Amino acid sequence: MKKWHKFSLIGLFVVSFMVSIVINMPAWLMGSIIHHYSQNRLDVINERGSFWNGRALLIGEDASGKSAIPLMMVNWKIKLGVSKLININLSSSNQTIANLDLTKSGLQLSKVNLSLSLDQLTPFLGNLNSLNLSGNVHVTADKISAGSKMQGTVLVKLDDVGSGMSPVNPIGSYNVNFDLSSMGITISSNPNSVIDVSGSGNVKNLVLNSKVQPDKKEKLLQFMTMTGIPQADGSYQMKAF
């Protein structure tokens, strides 16, 4: 009995120790997960709290990983379940910006709803960074699945976009549609945009076609020739990626 009692105490100690490790997992582990699943384009710094309930500053990184820019403070709460093995609620300023679920079929991201400024997205804009863009960004997505294949659609609204190089501002408002199953990108313009921009492609090859409102052509002539190649129909073409 004494020997059994001794082994029981050792077992209880080991279990308690392992539970303590799990409960007190550090917050930086969340950053490692975000960095991995965003393909090294997102990360967190200044972590507070724990892996299960914490907060940190979300940052965006360019493709080289050499340039980063702060996006927003993010809070997270992690719960364990059965059908949803892990549920992660992400919030900012007391509002949910996304839910992340780990299920048997893979990762599912839902209820994406966040707002940023366009200048915060410079790590992701490629050649468009030369335009010194500004404006408001609203990102939404109902459901994104990351199992054996990415599936889902991300909608991005760009409102009151301006350029530090343009003599006329704002130049327009635009809609960007990301199809994650094909990594395709489609861009369209709101009807009242000074510069109508359209284009389709993917994250590696995106060409934009733009046309200027007739009454603004003279004012924007220099700006348009700096940013795009004139076409025979009076439009301009620019390679974004």
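Which residue in β8 does S134 stand opposite? I began my notebook with this question, and in the model, which is a predicted one, I found that S134 stands opposite G162 in β8.

**Entry on confidence.** Before reading further I looked up how far the prediction can be trusted, and the protein chain averages a pLDDT of 83, with 88% of the residues scoring at least 70. Confidence is lowest in helix α1 (residues 2-23), where the mean is 47, and highest in strand β9 (residues 172-179), where the mean is 95. Over residues 12-24 the pLDDT is below 50, and I noted that this stretch has three contacts in the model beyond near neighbours in sequence. Where pLDDT is low, the predicted coordinates should not be read in detail, so I left that part alone.

**Entry on the strands.** I then returned to the strands with which I had started. Strand β7 (residues 133-146) pairs with strand β6 (residues 106-117) in the antiparallel sense over 10 bridges, and in this pairing L109 stands opposite I144 in β7. β7 also pairs with strand β8 (residues 150-163), again in the antiparallel sense and over 10 bridges.

**Entry on T140.** I picked T140, which is found in strand β7, and asked myself whether T140 is buried, partly exposed or exposed. T140 counts as partly exposed because its relative accessible area is 25%, a value that lies between the 20% and 50% cut-offs. Leaving aside neighbours within four places in sequence, T140 is in contact with V112, N113, T153, V154 and L155. The C-alpha atoms of T140 and V112 are separated by 5.0 Å, although the two residues are 28 residues apart along the chain.

**Entry on the core.** The largest nonpolar core has 52 residues, and those touching the most other members are W76, L128, V137, L158, I195 and L220. In soluble globular proteins, nonpolar side chains tend to be buried together. I followed W76 further and, leaving aside its neighbours within four places in sequence, I found contacts with several residues, among them A27, M30, F51, W52, I88 and L90.

**Entry on S235.** Last, I looked at S235, which is found in the loop between β13 (229-230) and β14 (236-239). S235 is buried, because its relative accessible area is 5%, which is under the 20% cut-off. What does the side chain of S235 make a polar contact with? The partner is the side chain of D233, at 2.6 Å. Leaving aside neighbours within four places in sequence, S235 is also in contact with S210, K211, I229 and P230.

Methods. Residues numbered from 1 in each chain as written. Predicted model: local features only at pLDDT ≥ 70, side-chain atom pairs only at ≥ 80, totals over all residues. Heavy atoms only, no water. pLDDT = per-residue confidence, 0-100. Helix = DSSP H or I, 4+ residues; strand = E, 2+ residues; numbered from the N terminus. Contact = heavy atoms within 4.5 Å. Core = buried A, V, L, I, M, F, W, Y, C linked by side-chain atoms within 4.5 Å. Buried < 20%, exposed > 50% of the residue type's maximum accessible area, 1.4 Å probe, protein only. Pairing = 2+ DSSP bridges. Polar contact = N/O pair within 3.5 Å; in protein donor to acceptor, adjacent residues only side chain to side chain.
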